[in-house]
Amino acid sequence: MKCPLCDKEMEAGGLIIDGVAPMWVPMSEYERKGLKRLIYQHGRSIGKASVLLSQTKVDNAFFCRDCNKIVGIFDVTNNIDD
């Protein structure tokens, strides 16, 4: 995959998250402060969780060594309707 910033080739890989699965939320929820951060209503989970290992693995993450950035193409793993 080509880096969207510098157009050089990126290194394929994945993300491993120990503990909680990563979640995408709209910017309006991302910027919440205080107790409002405890509940997110429109989040979308990514990755495959292993309860035994307490890890979540997320594939399709690409690293650009020149820009020091990670770009991802992630499948959503929950089917929450708005």
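G19 makes a convenient starting point: with a relative accessibility of 47%, this glycine counts as partly exposed, a class that lies between buried (under 20% relative accessible area) and exposed (over 50%), as judged with a 1.4 Å probe and protein chains only. The model is a predicted one, in which local features need pLDDT of at least 70 and side-chain atom pairs count only at pLDDT 80 or more, while totals for chains, interfaces and linings use all residues. Residues are numbered from 1 along each chain as its sequence is written, and side-chain values use heavy atoms, with hydrogens and water left out.

G19 sits in the loop that joins β1 to β2 (23–24). Leaving aside residues up to four places away in sequence, G19 touches S54, Q55 and T56, where contact means heavy atoms within 4.5 Å. H42, by comparison, is 23 residues from G19 along the chain, and the C-alpha atoms of the two are separated by 21 Å.

One of these partners, T56, belongs to strand β5 and is buried, because its relative accessibility is 1%. T56 touches a long list of residues beyond four places in sequence, including L15, I16 and I17, then V20, A21 and P22, and also I46, G47, K48 and A49. G19 itself is on that list.

Stepping back to the whole chain, the secondary structure amounts to one helix and six strands, with helices (H or I, at least four residues) and strands (E, at least two) taken as DSSP runs and numbered from the N terminus. Read from the N terminus, the order of elements is β-β-α-β-β-β-β. The radius of gyration is 15 Å, whereas a compact globule of 82 residues would have a value near 12 Å; the radius is taken over C-alpha atoms, and the globule rule is 2.2 Å times the number of residues to the power 0.38. The C-alpha trace spans about 40 × 35 × 25 Å along its principal axes.

Of the 82 residues, 18% count as buried. The chain exposes about 6,600 Å², of which carbon and sulfur atoms supply 55%; these areas come from the Shrake-Rupley method with a 1.4 Å probe. Among contacts between residues at least 6 apart in sequence, 58% join residues at least 24 apart.

Charge comes next. The chain carries 11 positive and 11 negative side chains, and the centres of the two sets lie 6 Å apart. Lys and Arg count as positive and Asp and Glu as negative, while His and the chain ends are not counted. Each charge is placed at NZ of Lys, CZ of Arg, CG of Asp or CD of Glu.

Three salt bridges are present in the structure, a salt bridge being a side-chain nitrogen of Lys or Arg within 4 Å of a carboxyl oxygen of Asp or Glu. In one of them, D66 pairs with K8 at 2.9 Å, N to O. Since D66 lies in the loop between β5 and β6 and K8 in the segment before β1, the pair ties together parts that are 58 residues apart in sequence. K8 is partly exposed, because its relative accessibility is 46%.

E11 and R65 also meet in a salt bridge, with 2.7 Å from N to O. This pair links distant parts of the chain, 54 residues apart, with E11 in strand β1 and R65 in the loop between β5 and β6. E11 is partly exposed at 38% relative accessible area, whereas R65 is exposed at 61%. A further bridge joins E9 to K2, the closest N and O atoms being 3.7 Å apart, and E9 counts as exposed at 52% relative accessibility.

E29, in helix α1 (residues 27–30), offers a contrasting case. E29 is buried yet has no salt bridge, and the nearest side chain of opposite charge, that of R32, is 4.1 Å away. Outside the residues up to four places away in sequence, E29 touches Y40, Q41 and H42.

Two residues other than glycine deserve a look for their backbone angles. D7, in the segment before β1 (11–18), has a positive phi near 70° and is exposed, with a relative accessible area of 53%. N68, in the loop between β5 (55–64) and β6 (69–72), has a positive phi near 60°. N68 is exposed too, with a relative accessible area of 58%.
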